[in-house]
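Here are some short exercises to work through with the model on your screen. Try each task by yourself before you read its solution.

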Amino acid sequence: MLRPPRLRLALCALLLSLAALAGDIQPLKTEAELGNGQVQLTARFAITLSPATEQALQNGSSLPFTFEFQLRKPRLAAWYHQTKNGFGAIASSTHRLSFHPLTRQYRVTTNGIARNFASLEEALLAAGTIGGWTVLSDSSAASDVADFSGKVRLFLDVALMPKPMQISALGNSDWRLDSGWHELQAVALPGAAP
């Protein structure tokens with residue numbers, strides 16, 4: 001019979017093994033650079049695929065990962081951009097992850113530019129990284145680092161997948177990969193005019 005400490009240890013081991021089977025997206029770096037009337041984002045997320053999403057990738061499905069940005073301050077600029085965009089994200093960018101069995105390579109495609117990777121780990125790192133992404137230009141929101149507040153998230157955008165995949169993903173927690181919203185650390189662009 002298991003005693004309470006052993007029971008707790010066994011339960012912890014079971015929970016850790018279940019967590020390893022679930023996919024996840026965790027933030028590593030979320031930063032906004034402000035200056036010269038523009039806001040540029042640099043973000044890095046660690047992506048862990050669930051067994052279902054990894055199997056779909058290996059079977060030829062493309063996995064679209066979408067970055068979204070929302071402005072929170074300055075409040076007037078945030079309100080303007082939110083109403084202009086229907087209260088959705090102010091900016092978004094999608095990275096598509098795919099696997100090519102013939103070459104045994106993974107590919108990450110962003111804005112028509114494709115990069116190939118030998119391992120899934122390298123491809124996931126590339127799919128979860130964005131740098132120098134201009135989310136606002138000619139904006140007064142970029143004038144004061146102290147008054148700026150924004151957030152970013154990365155998620156598996158099931159809505160961009162083919163309809164049969166969307167239906168199979170509907171209500172299936174294995175397909176819900178979302179980092180949730182994370183606050184951006186605001187810094188001044190190097191060499192930006194004050």
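In which loop is asparagine 36 found? Keep in mind that you are looking at a predicted model.

**Solution.** Asparagine 36 is found in the loop between strand 1 (24–35) and strand 2. Now look at its backbone: phi of asparagine 36 is near 55°, a positive value in a residue other than glycine.

**Exercise 1. Describe the chain as a whole.**

Step 1: Begin with the secondary structure, which comes to 5 helices and 10 strands.

Step 2: Turn to burial. Of the 194 residues in the chain, 41% are buried.

Step 3: Look at the surface. The chain exposes about 11000 Å², and carbon and sulfur atoms supply 56% of that area.

Step 4: Finish with the contacts. Among those between residues at least 6 apart in sequence, 69% join residues at least 24 apart.

**Exercise 2. Work out the layout of the open sheet with strands 7, 2, 1 and 10, and explain why two of them have a free side.**

Step 1: Read the strand order. This open sheet of 4 strands runs 7-2-1-10, and its pairing is mixed.

Step 2: Find the edges. Strand 7 (129–136) and strand 10 (185–188) each have a single partner strand, so one side of each is left without a neighbour in the sheet.

Step 3: Add the twist, which averages 25° from one strand to the next.

Step 4: Recall a general point: strands of a sheet pair through backbone hydrogen bonds, either parallel or antiparallel. Strand 2 (residues 38–48) and strand 7 run antiparallel and are joined by 5 bridges.

Step 5: Pick out one bridge. Alanine 43 has isoleucine 130 in strand 7 as its bridge partner.

**Exercise 3. Decide whether glutamine 40 is buried or exposed, and list its contacts.**

Step 1: Locate the residue: glutamine 40 is found in strand 2.

Step 2: Apply the cut-off. Buried means under 20% relative accessible area. Glutamine 40 has 16%, so it is buried.

Step 3: List the contacts, leaving aside neighbours within four places in sequence. Glutamine 40 touches Glu31, Ala32, Glu33, Gly132, Trp133, Thr134 and Leu189.

Step 4: Compare sequence with space for one of these contacts. Glutamine 40 and tryptophan 133 are 93 residues apart in sequence, yet their C-alpha atoms are 5.0 Å apart.

**Exercise 4. Classify the ring pair of phenylalanine 45 and phenylalanine 67.**

Step 1: Know what to look for. A pair of aromatic rings is described by the distance of the centres and the angle of the planes.

Step 2: Count the pairs: the chain has 3 aromatic pairs. In the one asked about, the ring centres of phenylalanine 45 and phenylalanine 67 are 6.1 Å apart and the planes stand at 55°, so this pair is tilted.

Step 3: Place the rings in the chain. Phenylalanine 45 belongs to strand 2 and phenylalanine 67 to strand 3 (residues 63–73), so to speak two distant parts of the chain, 22 residues apart.Step 4: Check burial. Phenylalanine 45 counts as buried because its relative accessibility is 0%, and phenylalanine 67 counts as buried because its relative accessibility is also 0%.

Step 5: Widen the view: Phe45, Phe67 and Trp133 form one aromatic cluster.

**Exercise 5. Find two charged side-chain ends that sit over rings.**

Step 1: Look at lysine 151. Its charged end sits over the ring of tryptophan 181, 5.1 Å from the ring centre.

Step 2: Look at arginine 153. Its charged end sits over the ring of phenylalanine 155, 4.1 Å from the ring centre.

**Exercise 6. Describe the hairpin of strand 5 and strand 6.**

Step 1: Start with the pairing. Strand 5 and strand 6 run antiparallel and are joined by 5 bridges. In one of them, threonine 110 is partnered with isoleucine 113 in strand 6.

Step 2: Move to the loop between strand 5 (105–110) and strand 6 (113–117), where asparagine 111 lies. The hairpin has 2 residues between the strands, and asparagine 111 takes a positive phi near 50°.

Step 3: Judge its exposure. Exposed means over 50% relative accessible area. Asparagine 111 reaches 71%, so it is exposed.

**Exercise 7. Is serine 149 buried or exposed, and which residues does it contact?**

Step 1: Place serine 149 in strand 8 (residues 149–156).

Step 2: Serine 149 counts as buried because its relative accessibility is 13%.

Step 3: Leaving aside neighbours within four places in sequence, serine 149 is in contact with Leu71, Arg72, Lys73 and Glu183.

Notes: Residues are numbered from 1 along each chain as its sequence is written. This is a predicted model: local features need pLDDT of at least 70, side-chain atom pairs count only at pLDDT 80 or more; totals for chains, interfaces and linings use all residues. Side-chain values use heavy atoms; hydrogens and water are left out. Two strands pair if DSSP finds at least two bridges between them. Axes are lines fitted to C-alpha atoms, for helices over the stretch in contact, and angles run from 0 to 180 degrees between N-to-C directions. Buried means under 20% relative accessible area, exposed over 50%, partly exposed in between (1.4 Å probe, protein chains only). Contact means heavy atoms within 4.5 Å. Accessible areas come from the Shrake-Rupley method with a 1.4 Å probe; for residues, only the protein chains shown count as cover. Rings of Phe, Tyr and Trp (its six-membered ring) pair if their centres lie within 6.5 Å; planes under 30 degrees apart count as stacked, over 60 as edge-to-face and the rest as tilted. A charge sits over a ring if NZ of Lys or CZ of Arg is within 6 Å of the ring centre and within 35 degrees of the ring normal.
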